[in-house]
Amino acid sequence: MRRSLVAGNWKMHGSGAKITGLLQALVQALGDEQEGAEVVVCPPAPYLPLCQLLLQGSAIALGAQNVHAQASGAFTGDVSAAMLAEFGVRYVIAGHSERRRYAGDTDAEVAQKCEAAILAGIAPIVCVGESLEERESGQAETVVARQLSAVLEHCDSESLGQLVVAYEPVWAIGTGRTATPEQAQAMHAFIRHVVQERSAWLAESVRILYGGSVTAENAAQLFAQQDIDGGLVGGASLKPEEFISICKSVGR
Ligand code: PGA
């Protein structure tokens, strides 16, 4: 049985004061929650120690938005998986479309980042998803399969048990244009099928999240789909009431 997961991707938003207020509200509403979905928040890196402190003793897990593939070295501005682990980070987003687009993260680099995270005991949330052009030209499945296979082929079977996949159609991110539950379910089933070709056991256990304009209004319908195991939430995760309601709309 897969436990649902809802992750808030705060992107490059917030300040010490804003993040403190937001987390206090989340901890109060969701901090004891052992029954519902697993909840994760992914703040900008400088706020990880603050969030670690605020989350102490709560059921909410800490995530990061990016990681470098190497263990250490001359990589100015980057952060390793072991460093993240020191601050209690349990999840890390890898290959978000914004990083693929603005920072040039390639499929191969994303796979290496996933491997580095797993080695440090951090579960990667690998993001896959097609652009509008790719969807309209019938390439959606090809693109998603390529992005996912890079990770599945690079990591060994045992470590893949930690993997979480997030299907985030690029055309739905921050646009207010959500995939319909049917569109999302179809792609999630396809993703599970791609994973199945690597390992039947993994296909059953891997959690596949939907991301892209998830709101309190559309979350329940999306999460009710058979192969949707939760969400990766951007904009709505910065609004405490809305995020709490999204987390509560998914069962365990
Ligand atoms: P959004 O972002 O919910 O604001 O569309 C999702 C994401 O980028 O992870």
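These are my notebook entries on the cores, the ligand site and one buried arginine in a predicted model.

**Entry on the cores**

I began with the largest nonpolar core, which holds 67 residues, and I noted that Val6, Leu26, Val165, Ile191, Tyr210 and Phe223 touch the most other members. I then looked up a second core, separate from this one, which has 14 residues, with Ala7, Cys42, Ala61 and Ala123 among them. Going back to Ile191, I listed its contacts, leaving out residues up to four places away in sequence, and found Val128, Val144, Leu148, Val165, Tyr167 and Ile208. I add as background that nonpolar side chains tend to be buried together in soluble globular proteins.

**Entry on the ligand**

I counted 13 residues surrounding the ligand, and the closest are Lys11, His96, Glu168, Gly174 and Ser213. Sorting this shell by type, I got four nonpolar, seven polar and two charged residues. I looked up three distances to ligand oxygen atoms: a polar side-chain atom of Lys11 lies 2.7 Å from one, a polar side-chain atom of Glu168 also lies at 2.7 Å, and for Gly174 a polar backbone atom is at 2.7 Å. On its own the ligand has 280 Å² of accessible area, of which the protein covers 95%.

**Entry on Arg192**

Is Arg192, a residue of helix 9 (residues 181-198), buried or exposed? I record Arg192 as buried because its relative accessible area is 9%, which is under the 20% limit. Its side chain reaches the backbone oxygen of Val206 at 2.9 Å. Not counting residues up to four places away in sequence, Arg192 touches Arg2, Ala203, Glu204, Val206, Ile208, Asp227 and Asp229.

How values were computed:
Residues are numbered from 1 along each chain as its sequence is written. This is a predicted model: local features need pLDDT of at least 70, side-chain atom pairs count only at pLDDT 80 or more; totals for chains, interfaces and linings use all residues. Side-chain values use heavy atoms; hydrogens and water are left out. A nonpolar core is a set of buried Ala, Val, Leu, Ile, Met, Phe, Trp, Tyr and Cys residues joined through side-chain atoms within 4.5 Å. Buried means under 20% relative accessible area, exposed over 50%, partly exposed in between (1.4 Å probe, protein chains only). Contact means heavy atoms within 4.5 Å. A residue is near a molecule or strand if one of its heavy atoms lies within 4 Å of it. A polar contact is a pair of N or O atoms within 3.5 Å; within protein, one must be able to donate a hydrogen and the other to accept it, and residues adjacent in sequence count only if both atoms are side-chain atoms. Accessible areas come from the Shrake-Rupley method with a 1.4 Å probe; for residues, only the protein chains shown count as cover. Ala, Val, Leu, Ile, Met, Phe, Trp, Tyr, Cys and Pro count as nonpolar, Asp, Glu, Lys and Arg as charged, and the others, Gly among them, as polar.
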